Amino acid sequence: LLVIPFWTSFLIRTYAWLLILGPDAGLAGFLESVTGTEQVQILGTPVAVMIGLVYNYLPLMVFPLYVTLERMDRTLVEASKDLGAGRWGTFRQVTLPIALPGLVTGSILVFIPMMGEYVIPQILGYGRTYLMGNALVTDFLEARNWPSGSARAVFLIIIMIVTLAGYVWFLNRGRKTREVSVL
Amino acid sequence: VTAPAVAQAAGRGARRPAARQRVDRWAGLVEGYFRFHAALTYAFLFLPIIVVVVLAFNARPRRPSWEGFSLRWFSIALATRSSATPSPTASWIAVPNAILATPSAPWPRSGSQRVGTRIASRVRRADLHEHHRPEIVIALATLVLFATSSCDLPVDVRGSSSSSAATDDHRPPTSVSIRASSAARPGAACRGWTDAGRSSADLFATRGGPSARSPGHSCCGDLSPGFLLSFTFSFDDFVITTFVRGPGSRRSR
């Protein structure tokens, strides 16, 4: 069920949020009528961009986590409970350490494409919420300053390489003691 | 990690024997919360789709408020040429994608098992890095490459630059999809082949190729999910098309 919405077009889903968050029949209109305030603005704000980003990148976080938790030995949880640990204790000391590689993988998978995101801030943020993708568009397509745009792209790649290096270090660090899952 | 963690958790639990009973009383509440959370997540995921589906039948063209049921937008969409052209382009991108991803996808699993830790680790790292390139950077790199190359080709010959950028961008997820479907097969056969002295090329010819063609009863095997995924991605691609066919893509010289 989590995957089904993502079989439809990314653009269509993003434009649908334009309607849902919009002032006419959307959330902003609803909030206006409930609170009685004149103008509730959601579109064109970082909140709208954040909702769009969370919506579109949710599966990239869910899938690695799902794979990690699916592979987890359920008897460990049962053993922990049988030995008297509570729900929170079992989660903190058994489930979370096992799920940590999936959490890190998901975070990387979300972080890197999100850095270059351009469509969502443009549609839901009206271009006011500025991400690296918008800066690249300004340089390449509007200012036609390709060297500046290329420098930004190199900066983006450097951030990506540093993040990935940290990720590889994390995987290697835990290799001896933890079963890791990469994609 | 898990065994000491369990012991630690158990140790704490043993010091507080009444804790388990106290937690169990909240079981219904916790389950209710998770049900509510799941329902909220599904509502969040499906709401945009429902809105779009409902709106497609709305008679009123401009405002999102409901003005009555109508099917005329479907007939208009089907009659427009712009609705038909993406299909061949997306197929054109999806076919090389699936073909390119087929040998590379099972490689880290099947081919690197007997090549030594050092090489296998490098292959895995390269494979990992391949999956983490922002789409926008690929689009820009393609634009710069085509626009500044010494050959006198225009940047976009029948969508060639868009197609190549899209192929480059969509190959990693296609490769993941193919790898996921090939991962269901046991790796023991592969190890058996290599232990029997077969080379990597032999291994791919005997294992990778046939598995890509027909695992089980499917005629297209791993290729079809890869093709479909790439096709879906290419069908509504916006970023690559905007960049590669946008301003600056036509050279002045």
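**View 1. Leu136(A) and its neighbours in the predicted model.** This close-up from a predicted model starts with Leu136(A), which touches residues of both chains, A and B. Setting aside residues up to four places away in sequence, its partners in chain A are Leu141(A), Gly149(A), Arg152(A), Ala153(A) and Leu156(A). From chain B, Ile136(B) and Leu140(B) join the group.

**View 2. The largest nonpolar core.** Now look at the wider setting of Leu136(A), one of the residues with the most contacts inside the largest nonpolar core. This core has 47 residues. Others with the most contacts inside it are Tyr118(A), Leu124(A), Phe140(A), Leu156(A), Ile136(B) and Phe243(B). Which helix gives the most to this core? Helix H8 of chain A, covering residues 146–174, does so with eight residues. Another core lies apart from it and has five residues, including Met72(A), Leu76(A), Val94(A) and Ile98(A). As a general point, nonpolar side chains in soluble globular proteins tend to be buried together.

**View 3. A salt bridge between two helices of chain A.** Here the side chains of Arg152(A) and Asp139(A) meet in a salt bridge, with 2.6 Å from N to O. The two partners sit 13 residues apart and link distant parts of the chain: Arg152(A) belongs to helix H8 of chain A, and Asp139(A) to helix H7 (residues 132–142) of chain A. Is Asp139(A) buried or exposed? Its relative accessibility is 8%, so Asp139(A) counts as buried. Arg152(A), at 34%, counts as partly exposed.

**View 4. A salt bridge within one helix of chain B.** Over all chains the count comes to two salt bridges, and this view shows the one between Arg35(B) and Glu31(B). Their closest N and O atoms are 3.1 Å apart. Both residues lie in helix H3 of chain B, four residues apart, which is about one turn of the helix. Arg35(B) is exposed, with a relative accessible area of 57%, while Glu31(B) counts as partly exposed at 45% relative accessibility.

**View 5. Two helices crossing between chains A and B.** Helix H1 of chain A (residues 10–20) and helix H3 of chain B (residues 27–56) have axes that come within 9 Å and cross at roughly 85 degrees. The two helices are therefore roughly perpendicular to each other. On the H1(A) side, the residues in contact are Ile12(A), Arg13(A), Ala16(A), Trp17(A), Leu19(A) and Ile20(A). They meet Phe44(B), Leu47(B), Pro48(B), Ile49(B), Val51(B), Val52(B) and Leu55(B) in H3(B). Sorted by type, the residues of this contact divide into twelve nonpolar, no polar and one charged.

Terms used. Residues numbered from 1 in each chain as written. Chains lettered and ligands numbered in written order. Predicted model: local features only at pLDDT ≥ 70, side-chain atom pairs only at ≥ 80, totals over all residues. Heavy atoms only, no water. Axes fitted to C-alpha atoms, helices over the stretch in contact; angles between N-to-C directions. Parallel < 35°, antiparallel > 145°, perpendicular 65-115°, else oblique. Contact = heavy atoms within 4.5 Å. Nonpolar A, V, L, I, M, F, W, Y, C, P; charged D, E, K, R; others polar. Core = buried A, V, L, I, M, F, W, Y, C linked by side-chain atoms within 4.5 Å. Buried < 20%, exposed > 50% of the residue type's maximum accessible area, 1.4 Å probe, protein only. Salt bridge = Lys/Arg side-chain N within 4 Å of Asp/Glu carboxyl O.
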